[in-house]
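Here are my notes on the model you sent. Please read them with the structure open.

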Amino acid sequence: MSETPITPTSNTASGGSWFYNARLRGFVSQAVVLGLLAWSLYAIVSNTQINLQRLNQNFGFDFLNKAANFDILSSLISYSSSSNYGRALLVGFWNTLLVSVSGILLATLIGFVGGVMRLSKNAVVSGAAAIYVDFVRSVPLLLQIFMWYALVLKPLPGPRQAFNFFNCIFISNRGIIAPRPEFGEGAIWALALLIVALIASYFLHNYAKQKQALTGERIPAGWLSLAMIVALPAVGLFLAGWPLSWDFPSLTGFNFSGGMTLIPEFLALLLALSVYTGTFITEIVRAGIQSVNKGQTEASQALGLESGQALRLVVIPQALRVIIPPLANQYLNLTKNSTLAIAIGFPDLVATGGTILNQSGKAIEIVMIWMVVYLSLSLGTSAFMNWYNSRMKLVTR
Amino acid sequence: MLNALKATLAVSAAAMALAASTAQAGTLDDVKARGQLICGSNPSLLGFGVPDDQGKWTGFDVDYCRAIAAAVLGDANKVKFVPLSAKERFTALQSSTIDVLARNSTWTMSRDTQLGLTFAGVNYYDGQGFLVPKKLGVKSAMELKGATVCVQSGTTTELNLADFFKANKMDYKVVAFEKNEEVLKAYQEGRCDVYSTDQSGLYAERLGFTNPDEHIVLPEIISKEPLGPVVRQNDAQWFNIVKWVSYSLIVAEEFGVTSANVDDMRKSTNPEIQRMLSAKVTGSDGKDADNYFGKGMGLGPDWAYSAIKQVGNYGEIFERNVGQKTKLKIARGKNALWSNGGLQYAPPIR
């Protein structure tokens, strides 16, 4: 027999007020909340409208088609001062994405190394990791960005006295300048063969796994894949008559021309973000590893695994289940913290958007674009991490 | 139940109607009620707007705010200065965070017509220039091909720069920072070959360098930068006040009225001085008590008198903040009175 909830409707009949009717009370309170929400939304919108009208401003995104008339330090896509505002925002978006994704990769690397170091039996190693975590995470990120920027810029000479590595790579306070590969006709074959190599290595890995499971025999799949990935495109280039040339940087007048440049602003921001976020990931990884029962390590040792193998094959896969959810938080934080780029002049979405806001006066529109973009980035990261988390979940057979 | 819902909706609707009909008071009334003028200022431009170590603000633009406060409230010290970056300034004015913006802002058509703001005249005629380290050996802006230039983002500087290099078919790199301090630091650390801003700013900032003599200002001026105070577009009365307080400072210089002699000048027989200082109103007869200039914009008879008495005329403000006796040593140049071959010209007070 199932219990039915007691409905106090009978109370109303006995002269009690509607207040005692749980259903009605629930309905009314929800209606009130909904009404308040609708009202505040309306108030915000109408207030904005009135104020915009008062200032002879109109709301709309047409301004994105106007010429930007300003230049941007570094861009992944083609951009000039005659491009429009929309293009400038896109430049900022790609820069944000670039620094966030590279930051996430680097921070994860630092975090995993740090987390493992933190649990090392060697007091010097674990002590170093502990000092790193405690010091770096206690200092505000903005200060660290300034510090890295000064560290990147200060010791480096000007372009005329740049550190010169075989006339190929130059390091100066204008950044790291390296030759840029230029692919001619036929390079598409190299690309095609690279893709073939990647697919082949995927299958090779699966095959190696199966073979090991069946026979215990191990194939050096990693080395073989690497050889394929390097050799196949090279063969492709050779067959196509080597359609690859290098654009070497050279010093002309003030600066280097040609080549490709890694600007100091990007380097400083990347280092600051990943070293800072790395401290939190270190702690997450440490907690994750510690959450794996000690018996697992002992059992893998009993099976004859070396300590590195035990960590890689037994402990970390189990620890990942604990690590991934808080890791997602750190990735979101890193992406949002990348907006501090503005302090050192790296043209991310907030920096370029801010300039556009100032030049066009479209504050509300720009702020809306910012919010939508960062919301999408965050939701996208969350979705990816959730997917990864569900893949890494303990598979019950 | 339905009744309760209806009641809720009715209350909400009433509240909505209330929110929608918020009345807009004039800026003058706001300032008077507050007893204080809120002025958007540059926090870090020597000679134009900068607080000292005691928090006392000084500078050319700062004195304009003081003059407005003196004219409106009778006391040049009743000003609150809000430090603003180039990027924040117009939004701060649009959103009524400040009453007036006096922050070396360039009057351009788009700013005047598209931002809901209005420039109330020009208080300083400037132009954009370039500062380079001497050791680069550059003598002219036309030799800057391939240079890296540090600028402040969200400024006309940034736009003029793009135009200049495009027009002269030279490539360049721009590093734009939000805060001027960062621009200067980056330039001094060698991140850039060139620092570009209004020429007055170049001279001012160079003074703060460790070795000012190692940097030179290139001779070219690549833009017109008429700087002036800015107000919101919808308040004609406030616009008039800011505009005419500025003009009165120029008129005062033109007629030799200074902070030192303004009391004597009230007895002057020159009709324009009499009109500016409302001499007849506060004079012994008091006949024309309701017929003074300044009444039309809601100010008391002492509007110009207080501004000149407490802050000084245009020339005094110029010399005190940026003139020959200051570290900046900027010549009057284009900012001389029209009668001396400059561009500073005020319509008559009549």
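1. Start with the sheet in chain B. In this predicted model, five strands form an open sheet in the order β10-β9-β11-β8-β12 (chain B), and the pairing is mixed. β10 and β12 (215–217) of chain B are the edge strands, each paired on one side only. From one strand to the next, the twist averages 30 degrees.

2. Look next at one strand pair inside that sheet. β8 (residues 128–133) and β11 (residues 194–198) of chain B run antiparallel and are joined by four bridges. To find the register, take B:G129: its bridge partner in β11(B) is B:T197.

3. Which strands of chain B does α6(B) lie across? They are β8, β9 (148–152), β10 and β11. The helix α6(B) runs at about 150 degrees to β9(B).

4. Now the domains. The assignment for chain B gives domain 1 (25–125), domain 2 (128–223) and domain 3 (235–340). The C-alpha centres of domain 2 and domain 3 of chain B are 37 Å apart. How many residues of domain 2 of chain B are in contact with domain 3 of chain B? Four, and they meet four residues of domain 3. On the domain 2 side, the residues divide into three nonpolar, one polar and no charged.

5. The contact between the chains takes 44 residues from chain B and 43 residues from chain A. On the chain B side, the elements that give two or more residues are α1 (2–20), α4 (89–94), α6 (156–167), β10 (173–177) and α7 (180–188). α1(B) gives the most to this side, with nine residues. By class, the chain B side divides into 19 nonpolar, 14 polar and 11 charged residues. Note that α6(B) and β10(B) appear here as well as in the description of the sheet, where α6(B) lies across β10.

6. My main caution concerns the start of chain B. Over residues 1–24 of chain B the pLDDT is below 50. Beyond near neighbours in sequence, this stretch still has 20 contacts in the model. α1(B) spans 2–20, and α1(B) is the element that gives the most to the chain B side of the contact with chain A. Where pLDDT is low, predicted coordinates should not be read in detail. Please keep that in view when discussing the nine residues from α1(B).

7. For the overall scores, chain B averages a pLDDT of 87, and 90% of its residues score at least 70. The model has an ipTM of 0.75 and a pTM of 0.77.

Key. Residues numbered from 1 in each chain as written. Chains lettered and ligands numbered in written order. Predicted model: local features only at pLDDT ≥ 70, side-chain atom pairs only at ≥ 80, totals over all residues. Contact = placed C-beta atoms within 7 Å. Nonpolar A, V, L, I, M, F, W, Y, C, P; charged D, E, K, R; others polar. pLDDT = per-residue confidence, 0-100. Domains from an automatic or database assignment. Pairing = 2+ DSSP bridges. Axes fitted to C-alpha atoms, helices over the stretch in contact; angles between N-to-C directions.
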